[in-house]
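Visitor: I should like to learn how contacts between a protein and a nucleic acid strand are read from a model. Please take me through one case.

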Amino acid sequence: MLSRRFYQRPTVDVARDLLGKVLVRTSRGGLVAVRLTEVEAYLGPDDPACHTFGGLRTPRVDSMWGAAGHAYVYLVYGMHHCLNLVTVGRESGEAVLLRGGVPIVGTPLVRARRGVSVADSSLCDGPGKLCQALAVTRDDDGHDLCGRRSRIYLVDDGVEVLEADVRRGPRIGVDYAGEAARWPLRFRYRA
DNA sequence: TCTAGGATCGGCT
DNA sequence: GCCGATCCTAGAT
């Protein structure tokens, strides 16, 4: 399990290093593990695309102001959940959005949650799909990924992600953020 | 209270 | 490529 130290670093570094790491989710239904292939960095109060922009403090974003290594889960478009990992430290308001991955353990359970007719390549290729595949909801908001009994955590299984396989680009769906929408804070891993 | 709009997805053309 | 679903959240009134 990755320690809190991993998250207590600059958000862009954490985002880059999350590529290739394995996200593990345990539940009554069983264990699911997903190798992360797409993430986005959100840089706190000075980032117009970030939910903590301008120092915003509301019940929804409360967990984003918490300690590094905790989950921030919110609902978008009234129907999809998005999972973020808080970075840097308490009061930073920064996080990494997990946008996609590939199931490597528990694929049958993922398929049961996502739908039997869904193509393998589409099981977790989107933030909403990832949460559905892992059964992550608002109930998991504020969950500590570094605890002894964490039901969501990260593992480094030794897979090396070469720089040549990392693509950087603008973040998705944040056109309202003006110039910040073009900041190259989206990271993708193409093995 | 009321209202606008969203860090998306899947079905349809 | 376009569009509707769906409802919570934040800010305005």
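Visitor: Which base atom of DNA strand B lies 3.4 Å from a backbone N or O atom of Gly-78?

Guide: A polar contact is a pair of N or O atoms within 3.5 Å. In this predicted model, the partner of the Gly-78 backbone atom is a base nitrogen of DNA strand B. Phosphate oxygens take part as well: one is 3.1 Å from a backbone N or O atom of Lys-129, and one is 3.4 Å from a side-chain N or O atom of Arg-99.

Visitor: Which elements give two or more residues to the surface near DNA strand B?

Guide: A residue counts as near if one of its heavy atoms lies within 4 Å. The elements here are strands E3 (71–76), E4 (80–86) and E5 (95–105), together with helix H4 (127–134). H4 provides the largest share, 3 residues.

Visitor: How many residues surround DNA strand B, and which are the closest?

Guide: There are 21, the closest being His-51, Asn-84, Gly-128, Lys-129 and Tyr-176. Of the strand's atoms that come within 4 Å of the protein, sugar and phosphate account for 54%. By class, this surface has 11 nonpolar, 7 polar and 3 charged residues.

Visitor: What volume has the largest pocket, and which residues are closest to its centre?

Guide: The pocket search considers the protein atoms alone. The largest pocket holds about 420 Å³ of space. Its lining comprises 23 residues, with Tyr-74, Val-76, Cys-82, Leu-97 and Ile-172 closest to the centre. Strand E2 (30–42), E3, E4, E5 and H4 each give two or more residues to this lining. Its classes are 15 nonpolar, 5 polar and 3 charged residues.

Conventions. Residues are numbered from 1 along each chain as its sequence is written. Chains are lettered from A and ligands numbered from 1 in the order in which they are written. This is a predicted model: local features need pLDDT of at least 70, side-chain atom pairs count only at pLDDT 80 or more; totals for chains, interfaces and linings use all residues. Side-chain values use heavy atoms; hydrogens and water are left out. A polar contact is a pair of N or O atoms within 3.5 Å; within protein, one must be able to donate a hydrogen and the other to accept it, and residues adjacent in sequence count only if both atoms are side-chain atoms. Helices (H or I, at least four residues) and strands (E, at least two) are DSSP runs, numbered from the N terminus. Ala, Val, Leu, Ile, Met, Phe, Trp, Tyr, Cys and Pro count as nonpolar, Asp, Glu, Lys and Arg as charged, and the others, Gly among them, as polar. On a 1 Å grid over the protein atoms alone, a cavity is a set of points where a 1.4 Å probe fits but cannot get out, and a pocket is an open set with protein on both sides within 12 Å along at least five of seven lines; lining residues have an atom within 4 Å of a point. Grid points are joined across faces, edges and corners, and a volume is the space filled by probe spheres set on the points.
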